[in-house]
Amino acid sequence: MADYRMPSLGADMDDGTLLRWLVNPGDAVRRGDVVAVVETTKGAIDVEIFQDGVIDTLVVEPGSKVPVGAVLATLEPSGEEEAPTASVGSGPEPALHQPDSGPAIDSSVQNLEHRGARRRKVSPAARKRALELGVPLDELPGTGPDGAVTLADVESAVTVSSPGSGDAMRQTIASAMTRSKREIPHYYLDTEMHFEPAMEWLASQNAERSVTERLLYVVLLVKGIATALRDYPELNGHRRQGRFVAAERIHVGVAIALRGGGLVAPAIRNADRMDLDSLMQALRDLVQRARSGGLRGSEVADPTITLTSLGDLSVDRVYPVIYPPQVAIVGFGTPVLRPWVLGERVVPRRVIHGSLAADHRVSDGHRGGLFLRQVDRLLQEPENL
C-alpha cells in the first residue's frame, strides 16, 4: 500500500484545501491522471497522481485544509510500479516537488516557552509561517489538539486582515519574494538586443495566417531561452538542501497576470523541443486555464526557469526576483524603436532589453553574460528557432 500525499505546488505553498475528488475507492488510475482539485492561493489546481494502481481509501474529505505532505488517499500499486511512500503524488520528477524544509504534518507539534511560565504547543509549519508573515503567536488562539496553534490558525489570522483571493495571493507572493531576496545572492545582468529581424520575420509569418493562428513575439523569447539553456545547464534547475541539481529537461515557466490580481508562472514543458506553433498553442492554453482555474499541479510545480515579460505595459526593462528553488529568471521589456548602427549608418530599429537574475552560488556573471549573448544570437535568426 502506498500513500498519495498533498503535493507541493511551489516554494510558496504550505497547504491547500481539497475541493473535490475526481476518483472513488476502487478506481484504477494511471500515472498522470487528474485525481483531485486543490485550492491554493494561486487558484484551483488539478492535481495528478504519478503511479499506476487502484485507489484504496480517500483519507481527506472535500473542504478540508491540509498541509503539504499530508496523506490524502491510499493506493494499491499495480505491477512493478510500487515506489517508496514518500514519492507517491510528488510529481513526474519527485525531487522537484518535495516540501522545501521542515516537517509538513500539522499535527506534529512541539512545546515552546510562552511568557516564561506557560508552555503552549505550536506546529513547526505554523511557527515558520508566522515568522514569514510577521504574525505574533503570543495571543493567537489555537484550534489544534490541546489548543495547539496550527498552520491554518496562522493563515486565518492573515486572511482576517487581507480579505479577497487577490490579497491572499499577494501576501503569498510577497512572502516568497522576501525569502528569495533574503536567502539568494542575486546578480543582475541587462543587455539591449537587436529585435528588428525577429519582428520582421514574425510580421511576414503572421501575414499568411488567420488571427487565431498568429504567433506572438513572446514565443520567440521562450524558444530562445529554452534553446540557449542547453549550453548553460547551471541556470536550469533547482537548489535544494544546500546543493544545486541541474534539471534533465527544460520547462520554462511563463509569468501570467491574473484578472483578480496576482500572478502564476506555469511551465511549458520541454520548451526547447517544441516548434513555435506548438509553443504558441501551449501558451494560449496555459493563459486560458490560468485565468479560469484549470491548471495542473505539475504545470505549477515544474518550471526549471521562469520568463517574465512586461512588453504589453510599455516597460523598457525588468529586473525580476528569482522564484525559489529555481536559480534563475529572465525578464524582457517592450520592443521599442531606437537609433541603431548598421555598418556606417545609423538607422531606426526595434530593440528589446533582456535581463537575467541568477543565483551567485550556482553561476557567475561571466556565464550569465554568455547565456544572454546566446539568446541574442538566436533571436537574430528566428527562422531557425
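The legends below describe close-up views of a predicted model.

**Figure 1. The whole chain, with its helices and strands.** The chain contains 8 helices and 22 strands. Of its 385 residues, 52% are buried. Among contacts with a separation of 6 or more, 63% join residues that are 24 or more positions apart. The accessible surface of the chain is about 17,900 Å², and carbon and sulfur atoms account for 50% of that surface.

**Figure 2. A salt bridge between aspartate 277 and arginine 209.** The whole structure holds 15 salt bridges, and this view shows one of them, with 2.6 Å from N to O. Aspartate 277 belongs to helix 6, residues 276–292. Arginine 209 lies in the loop between helix 4 (196–206) and helix 5 (217–229). The two residues are 68 residues apart, and the pair links distant parts of the chain. Aspartate 277 has a relative accessibility of 40%, so it counts as partly exposed.

**Figure 3. A salt bridge within helix 6, between arginine 289 and aspartate 285.** Here the N to O distance is 2.8 Å. Both residues lie in helix 6 and are 4 residues apart, which is about one turn of the helix. Are the two partners buried or partly exposed? Arginine 289 counts as buried because its relative accessibility is 18%, and buried means under 20%. Aspartate 285, at 32% relative accessibility, counts as partly exposed.

**Figure 4. A salt bridge between aspartate 359 and arginine 361.** The closest N and O atoms of this pair are 2.8 Å apart. Aspartate 359 has a relative accessible area of 0%, so it is buried. Arginine 361 has a relative accessibility of 39% and counts as partly exposed. Elsewhere, Arg179, Arg182 and Glu183 are joined into one network by salt bridges that share partners.

**Figure 5. The largest pocket and the residues around its centre.** A probe the size of a water molecule, rolled over the atoms, shows where empty space is left. The largest pocket holds about 1,000 Å³ of space. Which residues are the closest to its centre? They are Ala255, Ile256, Ala257, Thr308 and Ser309, out of the 40 residues that line the pocket.

**Figure 6. The lining of the largest pocket, by element and by class.** Elements that give two or more residues to this lining include three helices and three strands. The helices are helix 3 (165–183), helix 5 and helix 6. The strands are strand 15 (256–257), strand 16 (263–264) and strand 19 (305–309). Which element gives the most to the lining of the largest pocket? Helix 6 does, with 5 residues. By class, the lining is made up of 28 nonpolar, 7 polar and 5 charged residues.

**Figure 7. Proline 348 and the residues around it.** Proline 348 sits in strand 22, residues 345–359. With 53% relative accessibility, proline 348 counts as exposed, because exposed means over 50%. Leaving aside neighbours within four places in sequence, proline 348 is in contact with Leu337 and Arg338. Glutamate 196 is 152 residues from proline 348 along the chain, and the C-alpha atoms of these two residues are separated by 9.5 Å.

Conventions:
Residues are numbered from 1 along each chain as its sequence is written. This is a predicted model: local features need pLDDT of at least 70, side-chain atom pairs count only at pLDDT 80 or more; totals for chains, interfaces and linings use all residues. Side-chain values use heavy atoms; hydrogens and water are left out. Buried means under 20% relative accessible area, exposed over 50%, partly exposed in between (1.4 Å probe, protein chains only). Contact means heavy atoms within 4.5 Å. Accessible areas come from the Shrake-Rupley method with a 1.4 Å probe; for residues, only the protein chains shown count as cover. A salt bridge is a side-chain nitrogen of Lys or Arg within 4 Å of a carboxyl oxygen of Asp or Glu. On a 1 Å grid over the protein atoms alone, a cavity is a set of points where a 1.4 Å probe fits but cannot get out, and a pocket is an open set with protein on both sides within 12 Å along at least five of seven lines; lining residues have an atom within 4 Å of a point. Grid points are joined across faces, edges and corners, and a volume is the space filled by probe spheres set on the points. Ala, Val, Leu, Ile, Met, Phe, Trp, Tyr, Cys and Pro count as nonpolar, Asp, Glu, Lys and Arg as charged, and the others, Gly among them, as polar.
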